[in-house]
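Me: Please take a close look at a single part of this model and describe how that part is paired and covered. A connected account would be preferred to a list.

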Amino acid sequence: MYALVDGNNFYVSCERVFQPALNGVPVVVLSNNDGCAIARSNEAKALGIAMGAPWFQIKHLEASAGLVALSANFGFYGDMSDRMMRLAAALGPRQEIYSIDESFIDLAGVRGDLVERAHTIRSRILQGTGIPCGIGMGRTKTLAKLANHIAKTAERKPGSYPEALAQVCNLEALQAAEQEAVFAATPVGEVWGVGRQIGKRLVAGGIHTVLDLQRMDLATVRRQFSVVLERTVLELQGTPCIELEHMPQAKKEIACTRSFGRAITTLEPLSEAVTEFASRAAEKLRRQHGLANQVLVYIRTSPFRKDDRQYSRSVTVPLRRPSADTAVLVQSALRGLGSIFVEGFRYAKAGVMLLDLQSNRLQQGELDLEDDRMEDRSRLMLAMDTLNQRFGKGKVHLASAGLQGNHKQWTMRQERRTPGYTTSWADIPIARA
DNA sequence: TCTGGGGTCCTAGGACCC
DNA sequence: TCTGGGGTCCTAGGACCC
């Protein structure tokens, strides 16, 4: 048995903790560049705002419907997430932190009334962090996800499901007929692993609900779709195929990519951006004690600007030896950039990815005379990381990232940023009696 | 004017080998 | 008259997730 604990409208809920005036108001949190809505309050959903809706298309709701939009404050959300995860962990013996607002809990060996226990944990999270969440439980991770969706929908849209399933839903506690009714009332696209494309194909084939999918013939699913969807059907039928990942796995690739605040046409600001992206990626790589064997860099124009001539290219630069050295990674990325940059386009986005990662504990011994120099380099990297951690991101960086004070042409827009309530001493809220 | 960022897994097809 | 079969590795692209 598994549970899935999931914060409701997570980023919006975080903001509401410190701005209670936002309760009951339609609120969205915007992606980087204030580009599109990535979290919506229930009131915003009720206004018909879709996930990922571009801000410029819904901006008029500010005036007409009192919509409030905030720039994403990921540092703050990450801190709230840690607090929530620590409380959620008490639900069972093992926890997998699946995303910033979701964790799976293995319920093996947990005794007593699971629904009651889940309600207790839910209250503790609400009291301890101010974040409301939904808890779903089932025999497999896919069923737990589904139960979570049912719990949240039952709360948000009374009448959609039995009232008793609101906030906490344990599918195992339902009678067979009740479970069938609930599955028959849930569109197939809500299943974990069924996205837009597969959902469309399923519906075209007459599979409309979770119940339809659960009853599909496995061989047919495999033949017409893939082993991946077959696994999903097995999980819906109660056969576990996806294990709980108790320990966080080392990343297999690390990316840092950004859209620019406005279009870039020349090489110099692109070089600055690529330097910074490679530096950020290198920091992440060192944090997981990894080394990269290849660096990929890409640049592209905006596919949304139909009138612009389009260009999109990437190149992979192999490294002479595995490395986590910012200077090595930046140089490789810049060399790659030089090979794909073409004048005459309006660039909207660039990115650096570190690929073919390995652990630095497995480093191949090398017969060369540079060992001392390499030692010095890794001490330099450690010093840089420590300084940046202590005094703030990017305080120490390579000169090609652009000197501070220079106004960077490519930085993103963030016009509605809220304070770092729990992550910055200067921003700590003050309580008044 | 204006549309995010960071991941994983699977598959098909080509290159290459014996 | 008339040119095999099978395996592995790599890459690009597509689908999914939050």
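Reply: In this predicted model, Val-297 has Val-315 of strand 11 as its bridge partner. That contact belongs to the pairing of strand 10 with strand 11 (residues 312–323), an antiparallel arrangement that extends over 8 bridges. Strand 10 itself covers residues 290–301.

Strand 10 also pairs with strand 12, which comprises residues 347–355; these two run antiparallel and are joined by 8 bridges. Within this pairing, Leu-296 of the chain is set opposite Met-353 in strand 12. A further pairing links strand 10 to strand 13, made of residues 358–359, again in the antiparallel sense and over 2 bridges. Here Leu-291 faces Gln-358 of strand 13.

As to cover, strand 10 is mostly shielded, since 10 of its 12 residues are buried. A residue is called buried here because its relative accessible area is under 20%.

Another antiparallel pairing may be set beside this one. Strand 5, residues 94–99, and strand 6, residues 102–106, are paired over 5 bridges. The two are connected by a hairpin through 2 residues, and Ser-99 has Glu-102 in strand 6 as its bridge partner.

The surface offers further points of reference. Helix 13, which spans residues 267–287, contains Arg-287. Arg-287 counts as exposed because its relative accessibility is 60%, and exposure requires a value over 50%. Arg-287 joins Lys-284, Lys-393 and Arg-417 in a surface patch of positive charge.

A nonpolar patch is also present on the surface: Leu-387, Phe-391 and Val-396 make up about 240 Å² of it. Val-396 is located in the segment that follows helix 15 (371–391). With a relative accessibility of 30%, Val-396 is therefore classed as partly exposed.

Arg-156 falls in the partly exposed class as well, because its relative accessible area is 33%. Arg-156 is situated in helix 7, residues 141–156. Between the C-alpha atoms of Arg-156 and Gln-237 there is a separation of 27 Å, while the two residues are 81 residues apart along the chain.

To return to the part requested, strand 10 pairs antiparallel with strand 11, with strand 12 and with strand 13.

Definitions and conventions: Residues are numbered from 1 along each chain as its sequence is written. Chains are lettered from A and ligands numbered from 1 in the order in which they are written. This is a predicted model: local features need pLDDT of at least 70, side-chain atom pairs count only at pLDDT 80 or more; totals for chains, interfaces and linings use all residues. Side-chain values use heavy atoms; hydrogens and water are left out. Patches are made of residues with over 30% relative accessible area and no salt bridge: like charges are joined within 9 Å, nonpolar side chains (Val, Leu, Ile, Met, Phe, Trp, Tyr) within 5 Å. Accessible areas come from the Shrake-Rupley method with a 1.4 Å probe; for residues, only the protein chains shown count as cover. A salt bridge is a side-chain nitrogen of Lys or Arg within 4 Å of a carboxyl oxygen of Asp or Glu. Helices (H or I, at least four residues) and strands (E, at least two) are DSSP runs, numbered from the N terminus. Buried means under 20% relative accessible area, exposed over 50%, partly exposed in between (1.4 Å probe, protein chains only). Two strands pair if DSSP finds at least two bridges between them. Lys and Arg count as positive and Asp and Glu as negative; His and the chain ends are not counted. The place of a charge is taken as NZ of Lys, CZ of Arg, CG of Asp or CD of Glu.
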